[in-house]
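Visitor: I have a model open and would like to learn how to read it. Can we go feature by feature?

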Amino acid sequence: MATYEYDCPRCGRFETHQPMGTAPASHECRHCGRPARRIFSAPHLTAVPARLAAALDRAERSGAEPEVVTEVPRGKRPEPHPSLSRLPRP
């Protein structure tokens, strides 16, 4: 079901739910019974399922935050800073 918006000259705007593509150009106002003309408004796209919202957030974060590294990559290891050699060892 799609949501269609109508504007009554006396009562103001109201919404109706009808099958997609079946909304007439005018609809009877629920309050006063006068004909109300159909108006076009922005679709309601803000409601996103929770699982989809979580996946979108995770994808967005992965672009700015690096992956977790658990070990030093193989290859040449960097030399420790010379001042670190004077620190006490456990």
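Visitor: Start with Cys32. Is Cys32 buried, partly exposed or exposed?

Guide: This is a predicted model, so every value here is computed from it. Read burial from relative accessible area: under 20% is buried, over 50% is exposed, and partly exposed lies in between. Cys32 has 26%, so Cys32 is partly exposed.

Visitor: Where along the chain is Cys32 found?

Guide: Cys32 is in the loop between strand E3 (26–28) and E4.

Visitor: Which residues does Cys32 touch, beyond those up to four places away in sequence?

Guide: Look for heavy atoms within 4.5 Å. With that rule, Cys32 touches Cys8, Arg10 and Cys11. Take Cys11 further: Cys32 and Cys11 are 21 residues apart along the chain, and their C-alpha atoms are separated by 7.4 Å.

Visitor: Now strand E4. Which residues does strand E4 cover, and is Arg38 in the strand or outside?

Guide: Strand E4 runs over residues 35–39, and Arg38 has its place there. Apply the accessibility reading again. Arg38 comes to 24%, so Arg38 counts as partly exposed.

Visitor: What does Arg38 contact, leaving aside neighbours within four places in sequence?

Guide: The list is Tyr4, Glu5, Tyr6, Ala23, Pro24 and Ala25. Tyr4 is worth checking by C-alpha distance too. Arg38 and Tyr4 are 34 residues apart along the chain, with 7.5 Å between their C-alpha atoms.

Visitor: Let me try a buried case. Why does Thr16 count as buried?

Guide: The cut-off for buried is under 20%. Thr16 has a relative accessible area of 8%, so Thr16 is buried. Thr16 lies in strand E2, residues 12–18.

Visitor: And which residues is Thr16 in contact with, apart from neighbours within four places in sequence?

Guide: Those are Ala2, Thr3, Tyr4, Tyr6, His27 and Arg30.

Visitor: How do I read a polar contact? Which side chain does Thr16 pair with?

Guide: Look for a pair of N or O atoms within 3.5 Å. The side chains of Thr16 and Gln18 are joined by such a contact, at 3.0 Å.

Visitor: Then Gln18. Is Gln18 buried or exposed?

Guide: Gln18 has a relative accessible area of 12%, so Gln18 is buried. Gln18 also has its place in strand E2. Not counting residues up to four places away in sequence, Gln18 touches Met1, Ala2, Tyr4, Tyr6, Ala23, Pro24 and His27.

Visitor: Step back to the whole chain. What order of elements should I see along the sequence?

Guide: Count the elements, then read their order. The protein chain has one helix and four strands. The pattern is β-β-β-β-α.

Visitor: What does the radius of gyration say?

Guide: Set the value beside that of a compact globule. For 90 residues, a compact globule would be near 12 Å, but this protein chain has 31 Å. The C-alpha trace spans about 90 × 25 × 20 Å along its principal axes.

Visitor: How much of the chain is buried?

Guide: Of the 90 residues, 13% count as buried. The accessible surface comes to about 8,400 Å², and carbon and sulfur atoms hold 56% of that surface.

Visitor: What share of contacts joins residues 24 or more positions apart?

Guide: Among contacts with a separation of 6 or more, such pairs account for 23%.

Visitor: Last, the charges. How many positive and negative side chains are there?

Guide: There are 14 positive and 10 negative side chains. Then compare where the two sets are centred: the centres lie 2 Å apart.

Note on methods: Residues numbered from 1 in each chain as written. Predicted model: local features only at pLDDT ≥ 70, side-chain atom pairs only at ≥ 80, totals over all residues. Heavy atoms only, no water. Helix = DSSP H or I, 4+ residues; strand = E, 2+ residues; numbered from the N terminus. Rg over C-alpha atoms; globule rule 2.2 N^0.38 Å. Buried < 20%, exposed > 50% of the residue type's maximum accessible area, 1.4 Å probe, protein only. Areas by Shrake-Rupley, 256 points an atom, 1.4 Å probe, with all protein chains shown as cover. Lys, Arg positive; Asp, Glu negative; His and termini not counted. Charge placed at Lys NZ, Arg CZ, Asp CG, Glu CD. Polar contact = N/O pair within 3.5 Å; in protein donor to acceptor, adjacent residues only side chain to side chain.
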